[in-house]
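The following exercises are to be worked with the sequence and the coordinates at hand. Each task is followed by a solution in steps.

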Amino acid sequence: MALISLEDLDGLDDEQLDDDISDNPEPMDGEDRLLTHWQAVASTHQVSVPQDMAGPIQEMTHNSQQREPLPFAPVSCHEKMGEVLYEERVYPAGKWACVTRGEDLYEQSISMGFMKLMRFICKENSAGRYLGMTVPVVSNIHMKEDGNTFQKDVQTAFFLPAEFQTNPPQPFDRDITIVHREPIRVVARTFFGTTTEETVTRQIGLLWEILGITDELRRDNYMIAVYENPGVSRRRNEIWFIKPNL
């Protein structure tokens with residue numbers, strides 16, 4: 001199962017849209033066509049997309065090429081036979097917009113969180129304007145005591161664009177909080193495809209196999225960074241292990 005992200009319509013072409021709306025005899029404008037596509041995708045993920053998401057979906061799609069990369073300082077890169085096994089990076093302190101959801105499925109929590117963040121980005125904020133987007137979108141998961149199972153609550157967040165770091169607009173949605181995070185040092189490994197609990201758990205295990213036994217990294221908290229449209233068959237993601245001390 002894939003999930004719906006803030007970038008779910010990147011690269012969407014007219015043929016894909018026509019496939020999703022072929023059973024609807026009524027003529028549609030561009031906004032309705034996009035919403036219908038989202039609803040078709042969401043139905044396979046056990047997520048409902050309400051009618052009031054049409055505006056944010058349209059605006060996010062229109063501005064899809066205007067995204068700021070999350071800045072970081074590279075520390076090291078570890079390769080084997082030309083393949084990058086993992087990288088170590090430091091991400092700066094800054095303000096993030098965060099929302100936590102605890103749905104029945106991990107994918108549902110991420111999807112519902114993304115839609116709330118989309119509304120915030122698309123004018124449901126004290127600035128009354130489109131705020132812009134940064135990538136990747138990062139989800140923070142906590143593990144249960146067994147070390148193998150995700151806790152139900154998942155926090156999804158994006159780093160506020162540079163323009164708003166000093167004076168962040170406030171969200172109208174009380175579920176969204178603006179949080180200042182201190183610098184974070186991570187060990188990051190790229191993987192491709194969907195980000196379900198199953199695939200993320202597999203990537204966590206794989207990176208532990210590569211790293212071996214170490215007490216330098218947390219085992220109770222991981223982060224998943226999503227860069228690309230989930231409709232891309234080999235979408236780029238990363239698993240981040242966290243170093244508690246810089």
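**Exercise 1. Surroundings of one arginine**

Which residues does Arg101 touch, not counting residues up to four places away in sequence?

*Solution.* The model is a predicted one. Step 1: place the residue; Arg101 lies in strand β4. Step 2: list its contacts. Arg101 touches Ser109, Met112, Gly113, Lys116, Lys152, Asp153, Val154 and Asp175. Step 3: take one of these, Asp153, and compare sequence with space. Arg101 and Asp153 are 52 residues apart in sequence, while their C-alpha atoms are 5.4 Å apart. Step 4: add the polar side-chain partner. The side chain of Arg101 makes a polar contact of 2.6 Å with the side chain of Glu103.

**Exercise 2. Overall composition of the chain**

State how many helices and strands the chain has, and what percentage of its residues count as buried.

*Solution.* Step 1: the secondary structure consists of five helices and 11 strands. Step 2: of the 246 residues, 49% count as buried. Step 3: consider the surface. The accessible surface of the chain is about 12300 Å², and carbon and sulfur atoms contribute 46% of that area. Step 4: consider the contacts. Among contacts with a separation of 6 or more, 72% are between residues 24 or more positions apart.

**Exercise 3. The sheet and its helices**

Determine the order of the strands in the nine-stranded open sheet, and explain why β2 and β8 each have one side without a neighbour.

*Solution.* Step 1: follow the pairing from strand to strand. The order is β2-β3-β9-β11-β10-β6-β7-β4-β8, with antiparallel pairing. Step 2: inspect the edges. β2 and β8 (176-181) each have a single partner strand, so one side of each is left without a neighbour in the sheet. Step 3: note the twist, which averages 30 degrees from one strand to the next. Step 4: add the helices. Helix α4 lies across β4, β6, β7, β8 and β10, and runs at about 25 degrees to β7. Helix α5 (residues 197-211) also packs on the sheet, where it touches β3, β6, β7, β9, β10 and β11. The direction of α5 makes about 55 degrees with that of β11.

**Exercise 4. Register of β3 with its two neighbours**

How many bridges join β2 to β3, and how many join β3 to β9?

*Solution.* Step 1: begin with β2 (residues 73-80) and β3 (residues 83-91). Seven bridges join these antiparallel strands. Step 2: read the register from residue pairs. Lys80 stands opposite Glu83, and Glu79 has Val84 as its bridge partner. Step 3: examine the connection. β2 and β3 form a hairpin with two residues between them. In the turn, Met81 has a positive phi of about 55 degrees. Step 4: turn to β9 (residues 184-192), which is antiparallel to β3 and joined to it by five bridges. Here Glu87 stands opposite Ala188, and Glu88 has Val187 as its bridge partner.

**Exercise 5. Salt bridges, buried and exposed**

Which residues are linked with Glu87 in a network of salt bridges, and which parts does the pair Lys152 and Asp104 tie together?

*Solution.* Step 1: the structure holds 14 salt bridges. Step 2: identify the network, which links Glu87, Arg89, Arg236 and Glu238. Step 3: take two of its pairs. Arg89 and Glu87 meet at 3.3 Å, N to O, and Glu238 and Arg236 meet at 3.1 Å.

Step 4: classify the four residues, with under 20% relative accessible area counting as buried and over 50% as exposed. Arg89, at 3%, is therefore buried, and Glu238 is buried at 0%. Glu87, at 24%, is partly exposed, as is Arg236 at 30%.

Step 5: apply the cut-offs to another pair. Lys152 and Asp104 form a salt bridge in which the closest N and O atoms are 3.8 Å apart. Lys152 lies in strand β7 (residues 150-159) and Asp104 in the loop between β4 and α4, so the pair ties together parts that are 48 residues apart in sequence. With 51% relative accessibility, Lys152 counts as exposed; Asp104, with 69%, is exposed too.

Definitions and conventions. Residues numbered from 1 in each chain as written. Predicted model: local features only at pLDDT ≥ 70, side-chain atom pairs only at ≥ 80, totals over all residues. Heavy atoms only, no water. Salt bridge = Lys/Arg side-chain N within 4 Å of Asp/Glu carboxyl O. Buried < 20%, exposed > 50% of the residue type's maximum accessible area, 1.4 Å probe, protein only. Helix = DSSP H or I, 4+ residues; strand = E, 2+ residues; numbered from the N terminus. Contact = heavy atoms within 4.5 Å. Areas by Shrake-Rupley, 256 points an atom, 1.4 Å probe, with all protein chains shown as cover. Pairing = 2+ DSSP bridges. Polar contact = N/O pair within 3.5 Å; in protein donor to acceptor, adjacent residues only side chain to side chain. Axes fitted to C-alpha atoms, helices over the stretch in contact; angles between N-to-C directions.
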